[in-house]
Amino acid sequence: MNKFIRLIFQFILFSLPISAIAQPVEMADTMRSEGKIYVVVAILLVIFVGLIGYLILLDRKITQIEKKLPEKKN
Amino acid sequence: MKTWLKGVSIVLLGYTIVGGLLMDVPRLNIVNETVRALYFHVPMWFGMVALFLVSTIYSIQYLRKPSFEKDTRAVEYANTGLLLGLLGIFTGMIWANYTWGSPWHGDPKQNGAAISLLVYLAYFVLRGSVENEDQRARLSAVYNIFAFAAMIPLIFIIPRMTSSMHPGSGGNPGFNMYDLDSKMRMVFYPAVIGWILLGVWIATLRIRIRIINEKLLNLENE
Amino acid sequence: MFKTLLIKELTLELRRKSVISGLLLYLFSTAFICYLTFSLRQNQITPLVWSALFWITILFTVINTVAKSFIGEKKGRDIYYYSIAAPELIIISKIIYNSFLTLLLSFTGFVLFILLLKNPIADFTLFALTLALGAIGFASSLTLLSGIAAKANNSHILMAVLSFPIVISVLMITVKVTKNCIDGLDRSVSTNDLLTLLAINCLVTAASYLLFPYIWRS
């Protein structure tokens with residue numbers, strides 16, 4: 001079974017340009033045409049922005065502590 | 001790390017999310033729409049290898065001229081590399097479950113990746129079991145370099161010699177089949193750079209925390 | 001100098017006969033356990049099962065063998081070596097000596113497996129070559145690690161943890177070639193793998209040579 005799948009996979013990859021024309025492969029076209037894909041993009045972007053914002057805040061906090069340290073020495 | 005590099009990382013990753021979901025991809029059987037996972041799964045491996053490489057370079061530098069800072073850098077780059085590697089293996093399992101039918105498929109690349117993670121887990125075990133700080137730094141630096149040298153055949157040679165279910169193996173380096181489509185490269189390479197930069201960013205944060213800790217300890221001792 | 005170091009290893013080994021006989025006994029017991037577990041249904045040992053059992057046995061025996069190369073040394077002794085010999089010479093002599101030992105053990109293991117289980121190998125010469133290269137590969141990659149493990153404290157567990165990911169690439173190739181030997185495939189199929197194995201041996205030996213001075217110094 002393992003080999004069989006691999007064979008199919010390779011065959012498809014090698015005959016890619018032909019098969020792409022010959023028979024349309026099922027993709028999430030409906031989802032795209034309805035514009036729902038933007039919902040997914042928006043969600044991912046919000047998570048990404050949130051994480052990055054958090055990282056930036058962390059970065060700043062560390063910078064602040066770093067600045068405090070040498071003062072302590074004196 | 002320079003501030004503008006952080007900006008570049010953010011912009012590139014934002015572009016990856018938007019472009020990776022919205023731009024055209026080749027229509028392939030079996031993988032169908034999941035071919036987009038390539039933009040998110042594969043950069044994890046590139047990021048991991050890049051961070052491990054940086055870690056090894058710092059280990060070499062440490063052996064040449066020992067200093068606390070270099071040891072810290074080597075450890076934290078390895079640590080962040082491990083994080084990316086774990087994420088890569090989990091995303092890979094999800095993807096494999098969908099396309100190949102089971103999360104662990106005995107693919108040589110998958111095994112190689114798992115083993116390279118084991119190497120760095122062993123690296124942290126080694127660090128945990130040595131008390132003396134100098135000794136710990138030196139032994140782990142030696143192991144880091146040695147393990148990286150031993151990993152070269154594992155990651156770069158063996159997967160290319162055996163047949164793999166990943167595209168592009170069996171003689172061809174990289175992912176030549178996907179290379180057919182230059183549109184995918186437009187998103188893929190920025191994604192790789194973006195993730196590497198993000199990994200470096202996180203690693204530098206951890207390094208700074210460690211250095212602060214060390215300074216505090218010194219202050220207390222004074 | 002080089003010769004004296006090798007001779008010293010050998011005489012030390014001969015003086016501590018219990019160690020080498022212990023290792024042989026370890027090998028024998030493992031092979032015997034394999035035999036016992038399958039003695040109920042001898043025919044169930046397919047060639048692949050044979051290869052798996054064989055390489056696991058060899059791997060663990062070899063790890064135990066090489067682990068003692070530094071762990072077995074007395075504390076004060078390495079200071080003495082340090083004063084009389086260059087670290088590069090020491091590591092090379094240890095690697096060569098360990099290669100002899102692992103070669104001896106793996107071929108003994110092979111004979112035991114033929115005697116107790118069965119012999120699925122079709123191409124003997126190729127298998128012997130693989131076994132030899134594999135044993136040398138194990139010895140050269142494990143020697144440095146046993147040095148590291150000896151410097152760290154809880155040596156034996158650490159040795160296993162450290163060595164497993166390193167020797168796995170050697171193991172993967174040898175297992176693959178063993179399969180070719182069992183199937184009796186043409187030798188040209190395995191040439192590439194054997195060359196890779198040789199390359200790994202050279203790489204690992206070179207890395208040990210360069211890195212050993214650093215752990216020796218501490």
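**Note on the core and the B–C contact in a predicted model**

1. The largest nonpolar core, meaning a set of buried Ala, Val, Leu, Ile, Met, Phe, Trp, Tyr and Cys residues joined through C-beta atoms within 7 Å, has 117 residues, and those with the most contacts inside it are Phe146(B), Ile148(C) and Leu162(C). Helix α2 of chain B, residues 38-64, gives the most to this core, with 15 residues. A residue counts as buried if 20 or more other C-beta atoms, placed from the backbone, lie within 10 Å of its own, as exposed if 12 or fewer do, and as partly exposed in between.

2. This is a predicted model, in which local features need pLDDT of at least 70 and side-chain atom pairs count only at pLDDT 80 or more, while totals for chains, interfaces and linings use all residues. Residues are numbered from 1 along each chain as its sequence is written, and chains are lettered from A and ligands numbered from 1 in the order in which they are written.

3. Two residues are in contact if their C-beta atoms, placed from the backbone, lie within 7 Å, and by this rule 26 residues of chain C are in contact with 24 residues of chain B. On the side of chain C that touches chain B, α6 (124-151), α7 (155-183) and α8 (187-217) each supply at least two residues. Helices here are DSSP runs of H or I with at least four residues, strands are runs of E with at least two, and both are numbered from the N terminus.

4. Leu162(C) deserves a separate look: leaving aside its neighbours within four places in sequence, this residue is in contact with Ala122(B), Leu126(B) and Tyr143(B), and also with Leu145(C), Ile148(C) and Ala149(C).

5. Is α6(C) mostly covered or exposed? It is mostly covered, since 22 of its 28 residues are buried. With an expected span of 1.5 Å times one less than its number of residues, α6(C) should span 40 Å, and its end C-alpha atoms are indeed 40 Å apart.

6. Chain B comes to seven helices and zero strands, and buried residues make up 45% of its 222 residues. Among contacts in chain B between residues at least 6 apart in sequence, 73% join residues at least 24 apart.

7. As for confidence, pLDDT is the predictor's confidence in each residue, from 0 to 100; the mean for chain C is 83, and 91% of its residues reach 70 or more. Among the elements of chain C, helix α4 (residues 75-84) has the lowest mean pLDDT, 68, and α6(C) the highest, 88.
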